[in-house]
Amino acid sequence: MDNTLNRTHVGAVIASIAFQNFKALRNTRVALTPFNLVIGPNGSGKTSLMEAMLRLRTLSKLPLSDATGIQKSGGPEIEFRFTAPHDAIVARMGCVSDVQCDTLRIEPATAPSWPALRTDIGTIRSYVLDHRAMAEAAKRSAGADLQGDGGNLAAVLFQLRANAPAAFAGLTAELLRILPEFRAIELTEAGDEHVALALRLVENGLVPAEGLSQGILYLLGVLALAFDPEPPRVLCIEEPDRGIHPRMLREIRDALYRLSYPEAFGAQRRPVQIVTSTHSPYFIDLFRDHPDEVVISQKKGRAAEFGRLSDRADLAELLREGSLGDMWFSGILGGVPEER
Amino acid sequence: MKVALLSESPADETALRGLVAAVLKQPPKFVGPGYRARGWPNVAQLLPAVLRHLHFNTDTDVLVTVVDSDDSVVHTAAHDAPGYFHPHCRMCQLRAVYRQTTKRLPPAHGRARVIRAVGVAVPAIEAWYLGGRDATVSEAAWIAGQEAGAQPYSRAELKWRVYGTDRPSLAHETECALREIARLNGDVRRLEFDFPGFAAVAADLRAGLRLNNS
């Protein structure tokens, strides 16, 4: 039983999500905190969790369904509950199949705060960064929000520099601190109203985006999200540690914490609720002091269930014997593939 | 004197560089890049390999290893009795690893062995940062809390006192570490008095310096 379900979390928008027959998530509920790192084997519902949130965003922009609109024939259902001041609202999503969810019902149907909640839900964004897309030149005007694959990174940085120079300076300073071999981010005309990204080396050479490593591009993408002056209320990002050297993973966690805990970074803005995932024991190690932020997805046969690491009663004793990442890899904490 | 560091984070390494220089009264030549472990017990697991590497592949004189005690048994003077070894004391455990590893190594690079310098921050390195500015934080206070079954502060509280948050960024941690080490102005006497786990590494370093100069 996940006993965090009734906790309130400042900074979170979505309090919990319950799944019925949605892909591997047959009958499980996950309570969400301001920051959520989901770990588990492949096919255990990590991506499905993020997909559900994106579908909520999509359906929230359409006319709501009435009570009869929800599938009653055993089709997948997803129930969302929210944090205060929207904690009286329940959103139920009905699906025809695993790939088609087309109805959304709100209870109570006349909830006065639904328009405000719908605005927050409408900002949900989800990312699976793609270094090839990120290296491409992008249309200058297409840089309002980073695309799901990071494909308009150059345009996002271009617009950030133009519209929020302090945030761009902060992003640049952070990048150059982490990667001291560079001394500037350069954004140059690439024809046809496109802009291209490059990094200037300390010794003056210029490395175009297509010459940058995957890890550097992913780091730039995460920093672009972290320094967004108008971030979404909820952000999902899959495996932000991909391509990053283990010694640099702390920087990725810090960038995401900058979004979720802005006050810890001296920022005056609303927190962003983060849902992210990893398969890296080294990244998991970084959450040793905050096990409440770790969600373990446990797969049994074709069904998966979520649980909170902090609900593990013997966690403190286990961590005296080894690192959190090692404990996870060993299987003691669950969230590992089944083997025959 | 050439000094290598085995620490748990870049911020810890920055602090240790400052503390080593303060103990030795001059900055030594640090072997880079710093060696890194993923907390306890990874430090103890990694230590033999780091020692062997430094012994055979470098001319390093001293390896400084500092870990947090967390909730483990705190090293006391009683543990220093000849032949005594407390199985749950991290200082005793790390010293044993040094001893067992180095005794099997033949001389190399003109020295018999890499000199040991072990420290344990009780309960975490943030306590050392508060040394001299927060009188409630000391190893004695922590041990008294352990004996009474009620700790005077938690590791998270120490983070709040040093960083103003329990989720500091690495950059902020490093900045705070540098600020607190600079505050000592090279005088580590109070730190040694309040934190025997620091006094131990300081004593090892001074012994190493004497050996190196002899």
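In this predicted model, a good place to begin is chain A, where strand S1 (residues 14-22) and strand S4 (residues 77-82) pair in the antiparallel sense over six bridges. Within this pairing, A:Ala18 stands opposite A:Glu79 in S4(A).

These two strands belong to an open sheet of five strands in chain A, which follow the order S2-S1-S4-S5-S6 with antiparallel pairing. Strand S2 (25-31) and strand S6 (100-107) of chain A stand at the edges, and because each has a single partner strand, one side of each is left without a neighbour in the sheet. From one strand to the next, the twist averages 15°.

Turning to the helices of chain A, helix H6 (residues 214-226) packs with H7(A) at an angle of about 20°, their axes being 8 Å apart. Since angles under 35 degrees count as roughly parallel, H6(A) and H7(A) are therefore roughly parallel to each other, and H6(A) passes H7(A) in a left-handed crossing. On the side of H6(A), the contact is made by A:Val222, A:Leu223, A:Leu225 and A:Ala226, while H7(A) contributes A:Ile252, A:Ala255, A:Arg258 and A:Leu259. Sorted by class, this contact of H6(A) with H7(A) has seven nonpolar residues, no polar residues and one charged residue.

Finally, we come to the meeting of the two chains, where 14 residues of chain A are in contact with 12 residues of chain B. Helix H7 (residues 249-260) of chain A appears again here, for it supplies four residues, the largest share of the side of chain A that touches chain B. The residues of that side of chain A divide into four nonpolar, two polar and eight charged.

Note on methods: Residues are numbered from 1 along each chain as its sequence is written. Chains are lettered from A and ligands numbered from 1 in the order in which they are written. This is a predicted model: local features need pLDDT of at least 70, side-chain atom pairs count only at pLDDT 80 or more; totals for chains, interfaces and linings use all residues. Two strands pair if DSSP finds at least two bridges between them. Axes are lines fitted to C-alpha atoms, for helices over the stretch in contact, and angles run from 0 to 180 degrees between N-to-C directions. Two residues are in contact if their C-beta atoms, placed from the backbone, lie within 7 Å. Ala, Val, Leu, Ile, Met, Phe, Trp, Tyr, Cys and Pro count as nonpolar, Asp, Glu, Lys and Arg as charged, and the others, Gly among them, as polar. Angles under 35 degrees count as roughly parallel, over 145 as roughly antiparallel, 65 to 115 as roughly perpendicular and the rest as oblique. A crossing is left-handed if the near helix is turned anticlockwise from the far one by less than a right angle, and right-handed if clockwise.
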